[in-house]
Amino acid sequence: MVLTGAGVSAESGVPTFRDAQTGLWSRFRPEQLATVGAFVADPDTVWAWYEWRRDLVEQVAPNAGHLALAELESLVPAMTLVTQNVDGLHRLAGSRKIIEFHGNLFDNHCLECACPAPGVPRPCPKPPRCHACGGLVRPGVVWFGEAIPALSLERAVQAADSCDLFMSIGTSMLVHPAAGLAARARSTGAALVEINPEPTELTRFADFAIQAPSGHVLPVLRQALAICRRRTGSNH
Ligand code: BV8
Ligand code: ZN
């Protein structure tokens with residue numbers, strides 16, 4: 001099982017949550033904007049923050065780390081990728097078995113009736129109205145204080161409980177319940193590997209802590225696995 005966070009997208013040019021927000025958004029903290037309360041209080045500002053992030057993500061490409069993870073998936077069919085990222089870059093890189101634990105930046109649904117709101121034209125400076133009930137349309141991400149969608153949580157917990165190797169890549173391990181998945185995997189005997197240039201809450205529990213950028217480490221890991229495969233001829 002692989003759990004990724006914002007650090008995996010950093011080398012694509014997407015600022016992480018811990019990075020200081022740039023420009024207009026420097027006076028807010030993500031935890032202040034990424035909540036239902038913030039959206040209800042000021043829908044135009046919160047919607048504009050997501051439009052700014054969508055514009056930014058649309059201009060970047062998956063990096064070598066995303067691409068290596070997509071290739072690892074074909075080398076290790078049992079692998080499950082759980083991502084906290086909402087930027088869609090893993091899918092763009094070719095990963096298919098993905099659990100978008102916190103949703104996706106480019107999805108929208110109605111705040112009132114939860115009706116999906118596909119095809120919102122871009123740019124869209126203000127939040128559109130729901131075609132079913134006229135309620136405000138909101139970004140399809142999981143905000144702080146909101147529950148993780150039940151199916152995503154169930155599948156991620158199942159992967160954590162059954163994996164024999166848990167890799168935490170590019171995450172500060174501060175946001176729950178995503179961060180708790182590592183402890184679940186460890187409690188069922190999985191080996192823990194962390195790839196992060198900085199130490200985190202997980203580092204002291206990791207069997208291997210590789211303190212380097214994921215865009216550098218993951219291609220090496222993928223290459224090493226492919227060589228092992230060729231030498232041993234094994235495919236499990
Ligand atoms: C919930 C979508 C309950 C929105 C996001 C238990 C303990 C403590 C707190 C809580 C708890 N349970 C619940 C909470 C509250 C809260 C929480 O965890 N708060 C934190 C701040 C303490 N959790 C919630 O509210 C969750 N909901 O629990 O609901 C409930 C239950 C039932 C019914 C009703 C309610 C929901 C959390 C989801 C929030 N949504 N995103 C949006 O994006 O706008 S979270 C958002 O922040 C991201 O998705 C991501 O998950 C998180 C940022 O974390 P990281 O990805 O780790 O990024 P970060 O910047 O922190 O770190 C980057 C790392 O990369 C760094 O370590 C850096 O060193 C490294 N790095 C940098 N460059 C590289 C690199 N690594 C590798 N290579 C590089 N090149
Ligand atoms: Zn509606």
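This briefing walks through the ligand site, one helix pair and a few backbone details of the structure above. The model is predicted, so please read the values below as computed from that model. Ligand 1 has 34 residues around it, and the protein buries 73% of the area that the ligand exposes when taken alone. Elsewhere, helices H5 and H9 pack against each other, and two peptide bonds that lead into prolines, Pro 123 and Pro 177, are cis.

**Around ligand 1**

- Among the 34 residues around ligand 1, those that come nearest are Arg 18, Tyr 50, Arg 53, Gly 145 and Ser 172.
- By residue type, the shell around ligand 1 holds 17 nonpolar, 12 polar and 5 charged residues.
- Backbone atoms take part in contacts to the ligand: a polar backbone atom of Phe 17 is 2.8 Å from an oxygen atom of ligand 1.
- His 176 also places a polar backbone atom 2.8 Å from an oxygen atom of ligand 1.
- With Ser 214, the ligand atom is a nitrogen, and a backbone N or O atom of Ser 214 lies 2.9 Å from it.
- Taken alone, ligand 1 exposes 1500 Å², and 73% of that is buried by the protein.
- Two elements give two or more residues to the shell: helix H1, spanning 7–10, and helix H4, spanning 43–58.
- Of these, H4 supplies the largest share of the shell, with 3 residues.

**A helix pair: H5 and H9**

- Helix H5 covers residues 64–75 and helix H9 covers residues 214–232; their axes are 7 Å apart, and the helices pack at an angle of about 25°.
- Because angles under 35 degrees count as roughly parallel, H5 is roughly parallel to H9.
- The crossing of these two helices, H5 and H9, is left-handed.
- Ser 214, whose backbone has the contact to a nitrogen atom of ligand 1, falls in the residue range of H9.

**Backbone details in the loops**

- The loop between strand E4 (103–110) and strand E5 (137–141) holds Pro 123, and the peptide bond from Arg 122 to Pro 123 is cis, with omega near 0°.
- Ala 114 is also found in the loop between E4 and E5; its phi is near 65°, a positive value in a residue other than glycine.
- A cis peptide bond also runs from His 176 to Pro 177, with omega near 5°.
- Pro 177 sits in the loop between strand E6 (165–169) and helix H8 (180–187).
- His 176, on the other side of that cis bond, is the residue with a polar backbone atom 2.8 Å from an oxygen atom of ligand 1.

Conventions
Residues are numbered from 1 along each chain as its sequence is written. Chains are lettered from A and ligands numbered from 1 in the order in which they are written. This is a predicted model: local features need pLDDT of at least 70, side-chain atom pairs count only at pLDDT 80 or more; totals for chains, interfaces and linings use all residues. Side-chain values use heavy atoms; hydrogens and water are left out. A residue is near a molecule or strand if one of its heavy atoms lies within 4 Å of it. A polar contact is a pair of N or O atoms within 3.5 Å; within protein, one must be able to donate a hydrogen and the other to accept it, and residues adjacent in sequence count only if both atoms are side-chain atoms. Accessible areas come from the Shrake-Rupley method with a 1.4 Å probe; for residues, only the protein chains shown count as cover. Helices (H or I, at least four residues) and strands (E, at least two) are DSSP runs, numbered from the N terminus. Ala, Val, Leu, Ile, Met, Phe, Trp, Tyr, Cys and Pro count as nonpolar, Asp, Glu, Lys and Arg as charged, and the others, Gly among them, as polar. Axes are lines fitted to C-alpha atoms, for helices over the stretch in contact, and angles run from 0 to 180 degrees between N-to-C directions. Angles under 35 degrees count as roughly parallel, over 145 as roughly antiparallel, 65 to 115 as roughly perpendicular and the rest as oblique. A crossing is left-handed if the near helix is turned anticlockwise from the far one by less than a right angle, and right-handed if clockwise.
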